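Okay everyone, thanks for squeezing me in. I'd like to walk you through a ligand site today, so let me put the structure up.

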Amino acid sequence: MKSIAIIYGSSTEHTKNAAEKMAELLADYSPTLVDIYEGDETPFLTHDVLILGVSTWGVQDLQDDWNDFYPKFEKLDLSEKTIAIFGLGDASIYPSSYVDAIGILYEIVVQKGATVIGEVSPEGYDFEYSRALKDGKFVGLPLDDDYEPELTEERIVNWLETLKPYFE
Ligand SMILES: Cc1cc2nc3c(=O)[nH]c(=O)nc-3n(C[C@H](O)[C@H](O)[C@H](O)COP(=O)(O)O)c2cc1C
């Protein structure tokens with residue numbers, strides 16, 4: 001079984017809550033839950049599968065704690081890592097930059113050699129543009145606790161099921 005770390009950055013706890021829910025649902029795999037605010041790169045080195053959580057705060061920007069971690073992040077070799085990304089956003093107020101930070105994080109980890117898993121169909125999402133949409137698919141799991149919080153748990157459960165084959 002692969003070792004899993006769930007690493008998140010969260011400003012108002014939505015991403016944190018989703019990360020905690022994922023840790024709970026993946027209890028059989030004993031994942032390590034990490035707040036990127038701590039600034040520790042060790043989990044990136046010691047785990048095989050990294051589930052990265054990031055919220056979107058404006059166009060072009062990573063969430064503050066991910067942004068602070070960036071100098072360490074850019075030095076990491078991720079070529080042996082399997083990475084899945086989830087992100088919190090708000091499609092109601094920000095439909096033209098919906099969960100953009102998933103796309104930003106994706107571009108960084110791909111450039112650093114990671115294998116990215118966990119793409120999601122945009123069907124059922126109501127938005128105009130997202131940097132997380134590549135070749136017609138979201139490159140991670142969008143969650144929206146502002147606009148459609150009632151869908152969050154179901155989306156997490158379904159997404160984790162698609163990831164489980166990569167945990168063996
Ligand atoms: C000032 C501000 C800017 C935001 N910009 C975006 C955005 O561009 N795209 C988006 O999808 N959500 C945007 N959001 C919504 C947040 O991503 C959303 O509230 C998210 O759940 C916050 O997660 P966190 O509490 O884990 O940081 C913005 C929210 C605020 C307050």
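Let's start with H14: an N or O atom in its side chain is 2.8 Å from an oxygen atom of the ligand. Keep in mind that this is a predicted model.

Next up is T56. Here a polar backbone atom is the partner, and a ligand oxygen lies 2.6 Å from that atom. Then there's W57, where we're back to a side chain: one of its N or O atoms is 3.1 Å from an oxygen of the ligand.

So how much of the ligand does the protein bury? On its own the ligand exposes 640 Å², and the protein buries 84% of that.

Now, who's around it? We have 18 residues surrounding the ligand, and the closest are S10, T12, T15, T56 and S97. If you sort that shell by residue type, you get 5 nonpolar, 10 polar and 3 charged.

Okay, zooming out a bit. Where does the ligand sit? It's in the largest pocket. That pocket holds about 300 Å³ of space. It's lined by 16 residues, and the ones closest to the pocket centre are T56, W57, D90, Y94 and D146. You'll recognise T56 from the backbone contact and W57 from the side-chain one.

Same sorting for the pocket lining: 4 nonpolar, 10 polar and 2 charged.

If you want a quick tour on your own screen, go to H14, then T56, then W57, and look at the ligand oxygens from there. That's me done, happy to take questions.

Terms used. Residues are numbered from 1 along each chain as its sequence is written. This is a predicted model: local features need pLDDT of at least 70, side-chain atom pairs count only at pLDDT 80 or more; totals for chains, interfaces and linings use all residues. Side-chain values use heavy atoms; hydrogens and water are left out. A residue is near a molecule or strand if one of its heavy atoms lies within 4 Å of it. A polar contact is a pair of N or O atoms within 3.5 Å; within protein, one must be able to donate a hydrogen and the other to accept it, and residues adjacent in sequence count only if both atoms are side-chain atoms. Accessible areas come from the Shrake-Rupley method with a 1.4 Å probe; for residues, only the protein chains shown count as cover. On a 1 Å grid over the protein atoms alone, a cavity is a set of points where a 1.4 Å probe fits but cannot get out, and a pocket is an open set with protein on both sides within 12 Å along at least five of seven lines; lining residues have an atom within 4 Å of a point. A molecule sits in a cavity or pocket if more than half of its atoms lie within 2 Å of its grid points. Ala, Val, Leu, Ile, Met, Phe, Trp, Tyr, Cys and Pro count as nonpolar, Asp, Glu, Lys and Arg as charged, and the others, Gly among them, as polar. Grid points are joined across faces, edges and corners, and a volume is the space filled by probe spheres set on the points.
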